[in-house]
Amino acid sequence: MLRRNLWKIVLSLLIVGWALSTLLPLQDQDFVTYARAHAGAKQAEFSKLLDEATAVKNSGRAPSEYVALKQIAKDRRVDLTQYFPDIQLESKLTNVEKKNNILLTELSARRKSKLQLGLDLKGGVAFTLEVDPKAAEKYTNDVRKEKLTKAIEIIGARINSFGIAEPVIRPIGENRIEVQLAGVNPKDNPDVVDNVKKPARLDFRIVHPTLSPATSAPGEIPPGYEILTLDQDGPKGESYTEDLFVKRIPEMGGESISDSHVIADMYGKPEVTLNFTKEGRTHFAAITREIANAGRQSGRLGRLAIVLDGRLYSAPTVKEEIDSTSAQISGGSMTEREAFNLSNVLNNPLDLPLVVKEQKIVGPSLAEDAISSGVRASVIGTVLVAAFMITFYTTGGLVAVITLAINVLIIFGVMASLGATMTLPGLAGIVLTIGMAVDANILIFERMREELAAGKPLKVANQTGFVKALMTILDAHLVQLIICAIMILLGTGPIKGFGITLAIGVLSTLFSVLITAHLLMELLIDSGFMKKFTMRRMLKDLHIDFVKYGKPAFIGGWLIVALGVSVVLYKGDRIYGIDFAGGELITIQFNERLDTARIRQVANGAKVGEISPRYVNALGGGKEVLEIETAEGKSDALMAALRSAFPQAGLEKIGESHIGASIGKEIEWNALRAVTFSMLTILIYIAFRFEFGFGIGAMVSSLHDILMTIGLFVLFDHQFSAPMVAAILCIAGYSINETVVVFDRIREELKLNPTGSLRDVVNSAINKVFARTIMTATTTFLAALSLFLFGGGVLRDISFTFLVGIVTSTFSAIFVAAQVFYWWHKGDRKHVEAHADVAPKYEWTGSSKASE
């Protein structure tokens, strides 16, 4: 037994151990405390430097100990890496200042929890970027607005390559962009703003073939040229520079580059490879041909400068024409980190220069009581699911709860390794994942119930139940993975992020159920510890003619969909919240600090709709102010209500601006594309794995569930926000999971019941999976219900969507998907058998006098 399961035990322990190590430390640690504790050499000497840094910070000469230590090391040319021999840096790096910057960045990253809390739970930093007025003058208002929208998309791509960092990026007025980042402190990371706002203007320019500043008289610059400086590192770590005359007008720009990536050169130093477009390759060949010919005529090799945002990165010599698909940027002083940053901005270039207008520290957008109630609701939901499983499946339920804990641990571990940000809606999604994850366990347990009822021993029932449920589980989860892949490939921002998160949850569920849970059940049964598997029932065996009630139920379901869609069309843009429609941002000065929960209560009483209050502090110091986001035209009514409710607070509006949508039109269209392609993928996959009639049923069922969820959500006067997009996509995944389970049983019944009519087969299959369907829906419903009852704000919106979606998906699997399949084949099983591999299957059964 042990030898057979050894690989499962080792694999489970390794993955759980990795997930735990990835999550540590659980909380951010103080930089000075962490650095002092982890110095591996000359601790006393390094401790004195830290004390000096603390003194500099306390005196107000530096915003943080991090910056102070960096400045002290720079002024005294102290190599800080000598105190941390265990931290391996780039072996070829010799510049002391660059080594220190990399070391301090690494120390700051290691002291932080890998899974950072979002803006709603912890706050972060916000900065406002403004289009450079001089650059803006040459564009019309429409062109400038278009470029500002493009800039928002580019900044989002730079910050959020995985889509799970949860930034807020939106236009402010006509020429500004606000960026909010969770878990970032610009006092410790002053370069964060610069990395975001770099235009990444790439130029290829010719270096003067004969003249240089070193050989020319001071101030003498050839017409059409400018002096640019090339930074280089010497063999002993010393820095030196070379001044060159570089042509002002570029020969070629970044539009000729298709993409870029980082590789190591022959000496191990990083370089950025630029891949040309087809036109770019032709143009580059012509430029290098001209430089090479001029060099042969003058007897001196020509050079081509690579300039990014006005900085000279390299100026390689050109001996001959270069007709290649790529070129390299390989500045001698460029570190690996700088190379990756450079590649990132080159892949996402801005064509509008941006200047920093304002930086501020942002407090959490949710009040402490809202956060605590959300966490409490999540805990209650988890406990309810665990209690339900243990009550109905006893020892098996306990195994399911243990594997659920492992499942959640793996999800958190993977998210942490990807640099994800945990928000309250994200936590709600994980609670729903807990409810959905038990479905695979229930499938196996219900199959085991059937095997035990047939008189099979527990050990055999465990293996047979697992095998019979295996393909159903794999089919359901594989369809979800395909949908996730579509979201990742076609989606951007929160759509892509949700696709990644859901994919992690699906893979984690497969591992925890198929490997770990099955391992535990085998160990318990084979060891003799578990001799009996007690399972209780919610429902007795049913014998309902579901096909009989299929048509009226189908019509009723689509009538509700029609009602909901009509309400959506009637309300129009009013269904969108601030995330989609934008609104107003007011800045308020106060004498008495108000709890954000009380502000929300007043807003609800005044019926001003959705608001988002937060407290902010300017980075350079100054008085704390209150900022509140409202829907368009609602800020004055809110101010009047707040002044009436809190006359002693001395509230005074000192600023007001229009804020654009943080969910742009491109993201909306990407969401629609993702849903459309998901529907087609469901049709193709189910048709391939099952049969075309099954595919049609699955597609109609998924569309029914999405439309009904949206319609009822709007009908009950909710508004769409960014988390709601993810919630509705989650329902699409849940819906197909329920449908696949029903379809798999219909396919099995077609093989096991060779003489029954299609009506009998469909009814028999639904009756057999009905109890499982209700059990799964109940566990997921309990998780969502706890969020709805005990959570608040956005949690209520998300959980309401989940509640509607769970009921809808359960209904549609039986009364939409199965019925469409039945009607597609006109109620004739011969029509099914003509289009699918559903030949009857016969099993040998034995009898004995003991069983007679």
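**Salt bridges in a predicted model**

In this predicted model, Glu178, Arg614, Glu627 and Glu629 are joined in a network of salt bridges.

Me: How many salt bridges does a search of the whole structure find?
Reply: The search finds 34 salt bridges. Let's go through some pairs one at a time.

Me: What makes Arg36 and Asp51 a salt bridge?
Reply: Their closest N and O atoms are 3.4 Å apart. The cut-off is within 4 Å, so the pair qualifies.

Me: Which parts does the pair of Arg36 and Asp51 tie together?
Reply: Arg36 belongs to helix H2 (residues 31-38) and Asp51 to helix H3 (residues 43-58), so the bridge ties together parts 15 residues apart in sequence.

Me: Why is Arg36 called partly exposed?
Reply: Its relative accessible area is 32%. Buried means under 20% and exposed over 50%, so Arg36 falls in between. Asp51, at 43%, is partly exposed by the same reasoning.

Me: How do you know that Glu242 and Arg303 meet in a salt bridge?
Reply: The N to O distance between their side chains is 3.0 Å, and that is within 4 Å, so the name fits. This pair links distant parts of the chain: Glu242 sits in strand S7 (residues 239-247) and Arg303 in strand S11 (residues 302-308), 61 residues apart.

Me: What makes Glu242 partly exposed?
Reply: Glu242 has 29% relative accessibility. That value is neither under 20% nor over 50%, so partly exposed is the right term.

Me: Why is the contact of Arg745 with Glu450 called a salt bridge?
Reply: Here the side chains come to 2.9 Å, N to O. With a limit of 4 Å, the contact counts, so we call it a salt bridge. Arg745 is in helix H21 (residues 722-752) and Glu450 in helix H12 (residues 424-453), so the pair ties together parts that are 295 residues apart in sequence.

Me: Are Arg745 and Glu450 buried or partly exposed, and how do you know?
Reply: Arg745 has 7% relative accessibility, which is under 20%, so Arg745 is buried. Glu450 has a relative accessible area of 31%, between 20% and 50%, so Glu450 is partly exposed.

Me: Why is Arg170 called buried?
Reply: Arg170 has a relative accessibility of 4%. Buried means under 20%, so the term applies. Arg170 lies in strand S3 (residues 168-172).

Me: What separates the C-alpha atoms of Arg170 and Asp579?
Reply: They are separated by 9.0 Å, while the two residues are 409 residues apart along the chain.

Notes. Residues are numbered from 1 along each chain as its sequence is written. This is a predicted model: local features need pLDDT of at least 70, side-chain atom pairs count only at pLDDT 80 or more; totals for chains, interfaces and linings use all residues. Side-chain values use heavy atoms; hydrogens and water are left out. Helices (H or I, at least four residues) and strands (E, at least two) are DSSP runs, numbered from the N terminus. Buried means under 20% relative accessible area, exposed over 50%, partly exposed in between (1.4 Å probe, protein chains only).
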